[in-house]
Amino acid sequence: MASENSLLQYDILGYIKTLDQLEDFSLGIDNVLSGLFTATNKNIEEILDKTVGKSTADVLRKLIVENKIDSSDFSSLEKLLNELKEELKKVKVLKISLAIDPSKERIEHIFDWVRENLGKEIVLDIDKDESILAGAIISFNGRYKDFSLRRNLGEIFKNKKAEIMNFAK
Amino acid sequence: MVIDPLVFFDLVIALFVVSIALTAIALSYSQMLKKFNAYQKEADELMAQVHKDGADLLENARIKAGQIIEDAIKKAAEIIGSSNNLNAQSKKILDQALDTLLKHQTSYFEKASSDFLEAYKRELDSLKQKNIEIVKNVSKDIEEDTIKEVKDFDNILQKETFAAQKIVEDKIEDEYSLAQKNVEEYKNEMLKKAEEEIYRILETVSKLTLGKSIPLAEHEQLIIEALEKAKKDGIGE
């Protein structure tokens, strides 16, 4: 059966990097749990095929195998999934605003840095805001940090206004 | 029924005593009645005497009063006769005095009226002359006053015109100064706005130029740098 922290033990968060993915995964778990109580479903494999996408199904299959849950043991799976849901509620969200649309590689790069430096039970909530020009605005643990190029330039223009205006004249 | 002789004897004695007493009373009453009749007669006589005296007294008084009235009438007739004589004399003297007085007063009043008329005429003439003089003077005064007032009005009008002109000039000067000040303020404000606009355009252009010119690798580097700064600022704590 699952340990005290299934997320860390099976590194589920290695698959879930963003808030969108986390929400999809949680929804998938709810769908599987609903499937467990549908009379027409004969086994877990059938439920996974019908209720969730491939990536979510793969993560859950891995969990089922590692927890040695029989294909017909619906109650053990229910218990595991409920524990997993509780664990997912504890995951923290790091909100980061970027000036560009990040590629998959870039998201992984950022995610790796966050796991390595800030902790493992964190997912990213990325949004695009071209007005920040470059850099990032980060919100985490109720703190807000603006390290955007827009802010830097704003400060430069503010501090050197007179100089800039003389130059403009 | 048999009466006891003792009782019978007592009854007889009692009847005897009673009869004696009644007899005594009857005798006494008879004497008293006689006395009363004597007194009554005496009183009637006295009353008759009194009535007679009163009638005599009234008769005497009436006779005396008649005499007195008769004397009085006589004396009155005498007095009236003598006063009629006196009245005729007095009337004659009074008529004479009145006649004299009337003559005297008539002449006096004639003279007084004549004098008064004369004086009145003189006063009237004098008054007329004075009135003519006053009218003459008044018209002259009116003329002088009118000329003076016209002159004063002219002076005041001139002064007021100058004052109004000065006020208008000052007002125009103030308005002009205010307008100049407003224009200057507006000019400065617009210059400031223009400067701000130039500054904003410069900033925007700089940002856009810089933002567009940053390569993706540089973006990634800046993102990681931002995360590192955030970590250094304690965002993970």
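**Notebook: a sheet, its helices and a second chain**

I looked first at the sheet of chain A, which is open, has four strands in the order 2-1-3-4 and shows mixed pairing. I noted that strands pair if DSSP finds at least two bridges between them. Strand 2 (122-128) and strand 4 (143-148) of chain A are at the edges with a single partner strand each, so one side of each has no neighbour in the sheet. The twist from one strand to the next averages 15°.

The model is predicted: local features need pLDDT of at least 70, side-chain atom pairs count only at pLDDT 80 or more, and totals for chains, interfaces and linings use all residues. Residues are numbered from 1 along each chain as its sequence is written, while chains are lettered from A and ligands numbered from 1 in the order in which they are written.

I took helices (H or I, at least four residues) and strands (E, at least two) as DSSP runs, numbered from the N terminus.

I then examined one strand pair. Strand 3 (residues 135-140) and strand 4 of chain A pair in the antiparallel sense over six bridges. Phe140(A) stands opposite Arg143(A) of strand 4 of chain A.

Next I asked what packs on the sheet. Helix 6 (residues 104-117) of chain A touches strand 1 (92-98) and strand 2 of chain A, and its direction makes about 140° with that of strand 2 of chain A. Helix 2 (residues 216-232) of chain B also packs on the sheet, touching strand 1, strand 3 and strand 4 of chain A, at about 35° to the direction of strand 3 of chain A. Angles run from 0 to 180 degrees between N-to-C directions, with axes fitted to C-alpha atoms, for helices over the stretch in contact.

I turned to the two chains together. In chain A, 28 residues are in contact with 24 residues of chain B (C-beta atoms, placed from the backbone, within 7 Å). Helix 6 of chain A gives the largest share of the chain A side, five residues. Chain B itself has two helices and zero strands.

Lastly I checked a helix pair. Helix 2 (residues 19-36) and helix 5 (residues 74-89) of chain A pack at about 155°, with axes 10 Å apart. That makes the two helices of chain A roughly antiparallel (angles over 145 degrees; under 35 is roughly parallel, 65 to 115 roughly perpendicular, and the rest oblique). Among the residues making the contact are Leu22(A) and Ile29(A) of helix 2 and Phe74(A) and Leu81(A) of helix 5.

Notes: Two residues are in contact if their C-beta atoms, placed from the backbone, lie within 7 Å.
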